[in-house]
Amino acid sequence: MSIATARVGSNIAFIKYWGVADATLNIPLSNSISMTLADAHTTTTVAWDEIGALENDAFVLDGVAQSPARSQRLTRHLDILRGLAGVTWRARVTSENNFPTASGIASSASGFAALTVAGCAALGLELDATRLSAIARRSSGSASRSLFGGFVEWAQGSSDADSVAFPLYGPEHWDLRDLVAVVSGAEKKLSSADGHLLAKSSPLLDGRIAHVNGWLAETRRALAERDIQRLGPVIELDALAMHSVMMTSSPSLLYWQPGTLDVLQAVRRWREEEGLAVYFTIDAGPNVHLICAAESAPEVETRLAALRSVERVIVSGPGRGPQLLDEHLI
Ligand code: DP6
């Protein structure tokens with residue numbers, strides 16, 4: 001068997017990807033910018049079955065064998081890799097997240113990036129990170145950004161080759177923290193893939209897209225200057241704009257729970273009344289990501305843990321890009 005194992009960090013978007021210009025290729029409606037996470041990662045081993053013993057791809061996630069229905073997205077991604085290498089081999093894939101599912105941390109971003117890196121390495125395909133980013137993007141847009149460490153931008157592009165992520169700064173550039181306030185562990189009812197298709201039904205989509213280039217520029221500048229007071233307002237604005245698009249789609253997507261709003265109000269209170277420099281962003285779910293400088297993180301964590309609606313807090317700093325490991329999970 002040709003085998004390889006990769007470890008890849010998830011990422012949190014500061015300026016979001018929401019809505020697709022091309023649903024087949026996952027070409028987005030705008031650029032997006034994220035921070036790769038050090039402490040929330042997926043480790044994946046891919047073993048290709050060259051002798052043809054396997055009838056189907058076999059997928060074990062966090063110790064649980066997945067049904068064919070739950071392996072569909074994985075198999076479709078492996079089909080892309082098989083196509084690239086010109087083989088028909090099935091694969092055994094074992095994957096482990098070091099963070100809980102439904103925690104508000106995107107497992108598909110790190111998952112599809114790790115699957116791409118391990119799968120291609122095991123096939124002997126020598127591809128650079130840009131090419132791997134394009135391949136990962138096909139199955140999960142946000143996965144394209146996890147191919148790089150630190151602070152990363154995904155260029156919208158217009159084709160399979162140029163809709164790829166590129167690094168803005170390495171993880172050492174700015175010691176930020178992402179504190180995820182988990183207010184509900186419930187799995188989301190609608191996948192992001194289906195959500196992207198609904199974006200165009202929102203009357204507010206054009207407004208967000210008209211402003212997003214300005215917000216991207218503001219985010220790049222805030223990163224360059226390591227200025228949390230500049231970064232914070234723009235990431236909150238974009239998260240609220242994205243959720244406004246979601247809420248006004250048909251059908252309407254309302255990801256927030258009462259606990260979501262509790263955390264948002266608390267963050268604003270701490271900031272406005274006590275000068276604590278912490279800001280929020282929210283992905284396609286109810287849990288809230290709090291972004292602050294490393295030195296503020298212990299204070300923010302203590303305050304979050306004291307809120308009744310917060311079930312748990314997961315903390316991560318900026319992480320490096322993908323690593324190939326010598327030890328396999330199979
Ligand atoms: C709200 O299509 O990458 O997180 O693959 O289902 O995780 P999944 O989602 P994807 O959409 C991500 C949407 C987002 C914003 C973002 O990460 O940019």
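Let's start with the sulfurs: counting disulfides in this predicted model gives zero. For background, a disulfide is a covalent bond that joins the sulfur atoms of two cysteines. Two of the cysteines can be looked at one by one. Are they buried or exposed? Both come out as buried, and the table gives their values.

| Cysteine | Relative accessible area |
|---|---|
| Cys 120 | 1% |
| Cys 292 | 0% |

Since the cut-off for buried is under 20% relative accessible area, Cys 120 at 1% counts as buried, and so does Cys 292 at 0%.

Now for the overall layout. The protein splits into domain 1, covering 2–173, and domain 2, covering 176–316. Measuring over C-alpha atoms, the centres of domain 1 and domain 2 sit 23 Å apart.

How many residues meet across the two domains? On the domain 1 side there are 32, and they touch 47 residues of domain 2. Between them, domain 1 and domain 2 bury about 3,200 Å², with 67% of that on carbon and sulfur atoms. Three residues stand out here: Phe 14, Lys 16 and Trp 18 provide 28% of the area that domain 1 buries against domain 2, more than any other three residues.

Finally, there's the second largest pocket, which holds about 220 Å³ of space. Its lining is made up of 13 residues, and those nearest the centre are Lys 188, Lys 189, Leu 254, Tyr 255 and Gln 257. By type, the lining of this pocket has six nonpolar, four polar and three charged residues.

Terms used
Residues are numbered from 1 along each chain as its sequence is written. This is a predicted model: local features need pLDDT of at least 70, side-chain atom pairs count only at pLDDT 80 or more; totals for chains, interfaces and linings use all residues. Side-chain values use heavy atoms; hydrogens and water are left out. A disulfide is a pair of cysteine sulfur atoms within 2.5 Å. Buried means under 20% relative accessible area, exposed over 50%, partly exposed in between (1.4 Å probe, protein chains only). On a 1 Å grid over the protein atoms alone, a cavity is a set of points where a 1.4 Å probe fits but cannot get out, and a pocket is an open set with protein on both sides within 12 Å along at least five of seven lines; lining residues have an atom within 4 Å of a point. Grid points are joined across faces, edges and corners, and a volume is the space filled by probe spheres set on the points. Ala, Val, Leu, Ile, Met, Phe, Trp, Tyr, Cys and Pro count as nonpolar, Asp, Glu, Lys and Arg as charged, and the others, Gly among them, as polar. Domain bounds come from an automatic or database domain assignment. Contact means heavy atoms within 4.5 Å. Buried area is the accessible area (1.4 Å probe) that two parts lose on being put together, summed over both.
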